[in-house]
Amino acid sequence: MRAVQISQLDGPAAARLVDLDEPAGDGAVVVDVHAAGVAFPDVLQSRGLYQHKPELPFVPGGEAAGVVRSAPPGAHVRAGDRVAALTMLNGAMAQVIALPAAQVFKLPDTVSFEAGAGLLFNDLTVLFALTTRGGLTQGQTVLVHGAAGGIGTSTLRLAGPLGASRVIAVVSTPAKAEVARAAGATDTVLADGFRDAVAELTGGKGVDLVLDPVGGDRVTDSLRSLAPGGKLLVVGFTGGEIPTVKVNRLLLNNIDVVGVGWGAWVMSHPGELERQWSVLEQLLASGTVTAPQPQVFALEQAADALAALESRTAAGKVVLRMRD
Ligand SMILES: NC(=O)c1ccc[n+]([C@@H]2O[C@H](COP(=O)([O-])OP(=O)(O)OC[C@H]3O[C@@H](n4cnc5c(N)ncnc54)[C@H](OP(=O)(O)O)[C@@H]3O)[C@@H](O)[C@H]2O)c1
């Protein structure tokens, strides 16, 4: 089978297409992969900068979508089922993967392989962030940073159906504002000067939730953009710097800073992954939440796909087409 492999920690350019043996799959679900998701942690792993550091050489990728080739007796999926699958940390950018049944989910017929490959990691993180950690209620206003990225477009697709009446997208360029609008933003503002723009949009009231996958120097203005009782959901640090927070800001306006560690949560809460998927599956199958509209790269362009995230030029969720 063909697979993407990283054998040196030189960043996206080190991603090479190689031939590898197919996995045996004893006791596991074996999936013929049609598409694989590309996410920021894959970029960090290509430089050895992520908390999880796989041994070299490794196949990157945390999620994929395809067709079940074989499944062990008693599994909830069987040969021929269309599925999305979570390898979680790496291993998904291969034409055949084998993984535990609990990490494989039947795709609604309305969701393509390419959309399905960009679905689980971000949508389940955002669902967890907005509901379990953020306590989103009907009619609230949500602001999301990096809104044209993977986590960002998931937030734009999910926040409205989960109850938000307004979802403000923060992006770095007008072109990304278009991507954000297409994904469901009710308002878009540029990152540069977003605090004033948000104050104007909300009549000085501020927003109820900020979902932040970027971090860096935006955090103070995010806290200043919260309405009384609001929450800053800390999801990631694509901006590079891990910010510090002066805690006096929290008491001045009765606001919270809330950590969102989806992987750690699902691994320590048995049954939670299935529960989250059943919520998302219903939202997708009923058409309440739209499927992602990813930017698709060919398998031969794996290095370019990773580089698009690192160079901040990606438009929406990025996926790799793994076979024709
Ligand atoms: N906590 C969790 O459980 C969890 C789960 C999944 C992912 N994450 C994290 O969430 C973050 C986002 O992941 P993603 O896959 O959505 O990434 P992505 O698709 O690359 O989107 C990230 C966005 O960040 C913005 N950005 C700002 N400064 C940047 C910089 N210096 N380099 C690159 N992008 C920059 C970009 O938007 P603009 O250009 O518009 O600013 C970009 O669209 C990552 O840190 C990831 O590790 C966390």
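Domain bounds here come from an automatic or database domain assignment, and with them the chain of this predicted model divides into domain 1 (2-118 + 292-321) and domain 2 (122-263).

**View 1. Two domains meet in one chain.** Start with the overall layout: the centres of domain 1 and domain 2, taken over C-alpha atoms, are 27 Å apart. Nine residues of domain 1 and 13 residues of domain 2 take part in the contact. Between them the two domains bury about 890 Å², and carbon and sulfur atoms account for 58% of that area.

**View 2. Both domains help to surround the ligand.** Here we turn to the shell. It holds 25 residues, with Gly150, Ile151, Ser172, Lys176 and Val260 as the closest. Domain 1 and domain 2 each give at least three residues to this shell. At least two shell residues come from each of helix H1 (40-46), helix H3 (120-133) and helix H4 (150-158). By residue type, the shell comprises 13 nonpolar, nine polar and three charged residues.

**View 3. Polar atoms of the protein face ligand oxygen and nitrogen.** Zoom in on three pairs of atoms. The side chain of Ser172 places an N or O atom 2.6 Å from an oxygen atom of the ligand. For Ile151, a backbone N or O atom is 2.7 Å from a ligand oxygen atom. Val235 also uses its backbone, with an N or O atom 2.9 Å from a nitrogen atom of the ligand. As for the ligand's surface, the protein buries 89% of the 920 Å² that the ligand exposes when taken alone.

Notes: Residues are numbered from 1 along each chain as its sequence is written. This is a predicted model: local features need pLDDT of at least 70, side-chain atom pairs count only at pLDDT 80 or more; totals for chains, interfaces and linings use all residues. Side-chain values use heavy atoms; hydrogens and water are left out. A residue is near a molecule or strand if one of its heavy atoms lies within 4 Å of it. A polar contact is a pair of N or O atoms within 3.5 Å; within protein, one must be able to donate a hydrogen and the other to accept it, and residues adjacent in sequence count only if both atoms are side-chain atoms. Accessible areas come from the Shrake-Rupley method with a 1.4 Å probe; for residues, only the protein chains shown count as cover. Helices (H or I, at least four residues) and strands (E, at least two) are DSSP runs, numbered from the N terminus. Ala, Val, Leu, Ile, Met, Phe, Trp, Tyr, Cys and Pro count as nonpolar, Asp, Glu, Lys and Arg as charged, and the others, Gly among them, as polar. Contact means heavy atoms within 4.5 Å. Buried area is the accessible area (1.4 Å probe) that two parts lose on being put together, summed over both.
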